[in-house]
Amino acid sequence: MRKIRLHPLISAASVASAALVLTGTQLASAGTASTHGAHQRTEIVQLVAKQTQSQTVDTGQKGHSLGDELVVAEDLYRNGKKVGDHAVVCTYVHIGPDALQCLGTFALPRGQITGQALLHLPSHSAVDVAITGGSGAYNGVGGYVHTVPAGTTERHLTFHITH
């Protein structure tokens, strides 16, 4: 397994990075919940993502070019306990300056959450990734995941999940 140093932007791809705080099989709030409208609520949850594998895939032209991909796998933790995993694929959609379209999925005991982001390099230290949906207990969710790099292979994720 070859670990690569992730750009702060790509760390956001946790893209997209992102994951849920779980206690057993329940979603645990790590912050306050607020109400939006009569039937929507937003849950704030936090996880730590630790990279387990990564690979750059050179497609098409040799060297850095449009269509190349970055594939990243991460384990998701809360209070030192593994609660799920995350996979993201980012495709280079612009070169010089670089931009990546990233799509990711967070697998959790009660379902999955999907997210995506268009990331511009160099990135800001923190990036917000749109939650595009989910399955199981997360069917129909929205919101975003705020990702903050915490080293070269770790990120702090704060989910703002709208039910």
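Two residues are in contact when heavy atoms of theirs lie within 4.5 Å. The exercises below use this idea on a predicted model.

**Exercise 1.** Describe where D68 sits and which residues D68 touches.

*Solution.* Begin with the chain itself: D68 belongs to the loop between β4 (40-57) and β5 (69-78). Next, consider exposure: the relative accessible area of D68 is 4%, and since buried means under 20%, D68 is buried. Then list the contacts, leaving out residues up to four places away in sequence: D68 touches V57, D58, T59, G63, C90, T91 and Y92. Two of these neighbours can be described further. The C-alpha atoms of D68 and D58 are 5.0 Å apart, although ten residues separate the two along the chain, and the side chain of D68 reaches the backbone nitrogen of T59 at 2.9 Å.

**Exercise 2.** Characterise the disulfide that involves C90, one of the residues touched by D68.

*Solution.* The count of disulfides comes to one, and this bond joins C90 to C102 with an S to S distance of 2.0 Å. C90 lies in strand β6 and C102 in strand β7, twelve residues apart, and the pair is thus a link between distant parts of the chain. For the handedness, take the torsion about the S-S bond, which is about 115°, so the disulfide is right-handed. Finally, both C90 and C102 are buried.

**Exercise 3.** Classify the aromatic pair and say which strands this pair ties together.

*Solution.* There is one aromatic pair by count, formed by F106 and F159, with 5.2 Å centre to centre and 80° between the planes. Because planes over 60 degrees apart count as edge-to-face, the pair is edge-to-face. F106 lies in strand β7 (residues 99-108) and F159 in strand β11 (residues 154-162), so the pair ties together parts that are 53 residues apart in sequence. F106 and F159 are both buried.

**Exercise 4.** Place F159 within the largest nonpolar core, and then examine H160 in strand β11.

*Solution.* The largest nonpolar core has 27 residues, and F159 is among those that touch the most other members, together with L76, I113, I131, L157 and I161. At least two residues of this core come from each of β4, β5, β6 (81-94), β7, β8 (111-120), β9 (127-134) and β11. H160, also found in strand β11, counts as buried at 17% relative accessibility. Beyond residues up to four places away in sequence, H160 touches T42, E43, I44, I131, G142, G143, Y144 and H146, and I131 is one of the core residues named above.

Methods
Residues are numbered from 1 along each chain as its sequence is written. This is a predicted model: local features need pLDDT of at least 70, side-chain atom pairs count only at pLDDT 80 or more; totals for chains, interfaces and linings use all residues. Side-chain values use heavy atoms; hydrogens and water are left out. Rings of Phe, Tyr and Trp (its six-membered ring) pair if their centres lie within 6.5 Å; planes under 30 degrees apart count as stacked, over 60 as edge-to-face and the rest as tilted. Helices (H or I, at least four residues) and strands (E, at least two) are DSSP runs, numbered from the N terminus. Buried means under 20% relative accessible area, exposed over 50%, partly exposed in between (1.4 Å probe, protein chains only). A polar contact is a pair of N or O atoms within 3.5 Å; within protein, one must be able to donate a hydrogen and the other to accept it, and residues adjacent in sequence count only if both atoms are side-chain atoms. A nonpolar core is a set of buried Ala, Val, Leu, Ile, Met, Phe, Trp, Tyr and Cys residues joined through side-chain atoms within 4.5 Å. A disulfide is a pair of cysteine sulfur atoms within 2.5 Å.
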